[in-house]
Each structure stands twice: as C-alpha cells, then as structure tokens.
Amino acid sequence: MIANRLLKELSPLIDAPILISDHNGFIVAATDKSRLNEFHEGVFSVIRDRTTLYISNMQAQSIQGAREEILTPLSMDDIPLGVLGIEGTILQVEPYVKITTKVAEMLIERALISENYNPETQLLELFLTELLSGQLTKGEIKKQLEKLDLENIYDRVAIIQLDVKTEVVILRHLVHIQMIHPKLIIARWNINQIVLLIPKVSRGQLQDALQLIHQKLDKLTQSGIKIGVGNSHPFHFLSKSYKEANIALEVSTKERSIVFEEDLKMELLLVESTEKTQEEYIRRV
C-alpha cells in the first residue's frame, strides 16, 4: 500500500509522529498505530481548501480525530491525493513541512507510475471524490470526462458497505459478477465501502442485479453487506444521488439490506428532519 511505503520512507526524516490520510478523511498509515482507520475531520478542510491546517492543542479538542499537529495536502498535477500530518507544536514541526511534503509527493509519483499500480484507477477515484462532493462545475466535469475518456451516461449512485476491508480481490470479483451494465464504474471508496456509478437502466434490472451482487459478495466475504441506492439525476448532479445513497445506507438493516432512497417515507424524517425533507415526505405520502 502506498501510504505504508510513504510512512516507512518519511519516518527517518522526521523526529515526530506522522500520519497519512486518504481523501475521505480516514487515517490509513500512522506512526502511532492507535490512530489507524480513525476518521480525521480536519482532513476535509485541507482537501477542500488545498491549504495547510495548523491545529493547536485547544483546537484539537473540537475537531474529531485531531491532535496538536500540522496537516498539509499531498497532490499530483493539482489533484489532491491525501493529507500528510505531522504531530507536535507549530514551532517543533513547521520546519519539516515543506521538505517532507515535497519528498512525499515525489514518492507518490514514483509509486503511481510503477508497474504495480494503475494511475488511471487513482485518478478516477480522485475525480469521483470531487464529483460526488459537489466540488466541480459543469465545465470542470466536462474536462475530467475527456481526460478520463468517460461518457456522460451515469445517472445514479449506489454505495456498498461491508463488514470487512475492501481488498482489491473483492473489487475484481465484483467486476466479474456484476450484471448491471458493461460500463458500470466500480471504485473503492474508503476502508469498507465501494461506490458504484450506474448508467441509465430500469429500476427492476438494477434491483435484480444488486440482489445478485449482494448474494455473491456475502458468499465471498462471509460478512454483513448493506447497499444504499440514490435516485436518478443528471450527471452533474450526481452528488445529490450520492447523498441519497448515504441516507438509504443509514436506514438499511440486516433484514432490509438493499434500500432505494426513493422508497423511503417516514425514515426520511428520522434521518434528517429539515423543511426540505418534510416537504419530500409529504409529497411521497
């Protein structure tokens, strides 16, 4: 894993604890092993603003997963890859930040172009992160589609959540068994989630195909699997479908493991009782 290799290379350069997080805010490598797989709230502002964040001991008390540390973005070709964190006071660690970031980005670039890693997969995952968080304009989306050679045929997002880590073998298995669409996009989303970008297919076809995926993955992983499905939206509004998929995932259970957000009624109010969701509940009822 790139993050672990990065940690191994950087540790001798810095007399301070280090962490590496992915673009979803999860710590994927750390000198302090107790921080592994924790969610770090500060990472989102670093990714969003693409700027260094200085967290004091007092500020750390109100930021989930934070300590007294400096967080700085790691990027390649202006695309955010993750975040490097160095623990300690500003006076202690600031001298390390610039040189360490430069070395880290050089190591990442070398790893991405190695034969053991597919840079297209990494770039696709980064594009999906910005697309589904609603950060891209229509013009930026068009450029990214051309760069990645993707078609504007996707209108729905689904999220698969497992009780185990999303290893590469699971993704490869999913590619082979899926019967939704030949151009379905499958991407690892975080430690135990997979995101699907779904081309325009009928609700019945999608539901049957997801049921098959659920059965196959359950047999492969021997773990609990839940699937949340967002509604159909134009491509540049897929962030809405992603948000809906998360809502559906939140109300899914072992007995009701595949949930379409469009089917929810009272559950909408239980998840988020805003004026907008109240109006949607009234419309559906």
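A residue is called buried when its relative accessible area is under 20%, and exposed when that area is over 50%. These two words are used below for a predicted model.

**The sheet**

Strands 7, 8, 6, 9 and 10 form an open sheet of five strands, in the order 7-8-6-9-10, with mixed pairing. Strand 7 (185-190) and strand 10 (258-260) each have a single partner strand and stand at the edges, so one side of each is left without a neighbour in the sheet. From one strand to the next, the twist averages 20 degrees. Strand 7 pairs with strand 8 (residues 193-199) in the antiparallel sense, over five bridges. At one of these places, Ala187 has Val195 in strand 8 as its bridge partner.

**Two helices on the sheet**

The table lists two helices, the strands they meet and an angle for each.

| Helix | Residues | Strands | Angle |
|---|---|---|---|
| Helix 8 | 203-221 | lies across strands 6, 8, 9 and 10 | about 160 degrees to strand 9 |
| Helix 9 | 238-251 | touches strands 6, 7, 8, 9 and 10 | about 30 degrees with strand 6 |

**Helix 8 in detail**

Helix 8 has 19 residues. From its first C-alpha to its last it reaches 26 Å, close to the 27 Å expected at 1.5 Å a residue. Which residues of helix 8 are buried? They are Leu206, Ala209, Leu210, Ile213, His214, Leu217 and Thr221. Seen down the helix axis, the buried residues of helix 8 fall within an arc of 150 degrees, so they line one face of the helix. These buried residues pack against helix 7 (168-177) and against strand 6, strand 8, strand 9 and strand 10. Asp208 and Lys219, on the other side of helix 8, are exposed. After helix 8 comes Gln222, which has a positive phi, near 55 degrees.

**Glu69**

Another part of the model is strand 4 (residues 69-76), which contains Glu69. Is Glu69 buried or exposed? Its relative accessible area is 1%, and the limit for a buried residue is under 20%, so Glu69 counts as buried. The side chain of Glu69 makes a polar contact with the side chain of Arg35, at 3.0 Å. Leaving aside neighbours within four places in sequence, Glu69 is in contact with Leu19, Arg35, His40, Leu53, Tyr54, Ile55, Ile86, Glu87 and Gly88.

Key: Residues are numbered from 1 along each chain as its sequence is written. This is a predicted model: local features need pLDDT of at least 70, side-chain atom pairs count only at pLDDT 80 or more; totals for chains, interfaces and linings use all residues. Side-chain values use heavy atoms; hydrogens and water are left out. Two strands pair if DSSP finds at least two bridges between them. Helices (H or I, at least four residues) and strands (E, at least two) are DSSP runs, numbered from the N terminus. Axes are lines fitted to C-alpha atoms, for helices over the stretch in contact, and angles run from 0 to 180 degrees between N-to-C directions. Contact means heavy atoms within 4.5 Å. The expected span of a helix is 1.5 Å times one less than its number of residues. Buried means under 20% relative accessible area, exposed over 50%, partly exposed in between (1.4 Å probe, protein chains only). The arc is that of the directions from the helix axis to the C-beta atoms. A polar contact is a pair of N or O atoms within 3.5 Å; within protein, one must be able to donate a hydrogen and the other to accept it, and residues adjacent in sequence count only if both atoms are side-chain atoms.
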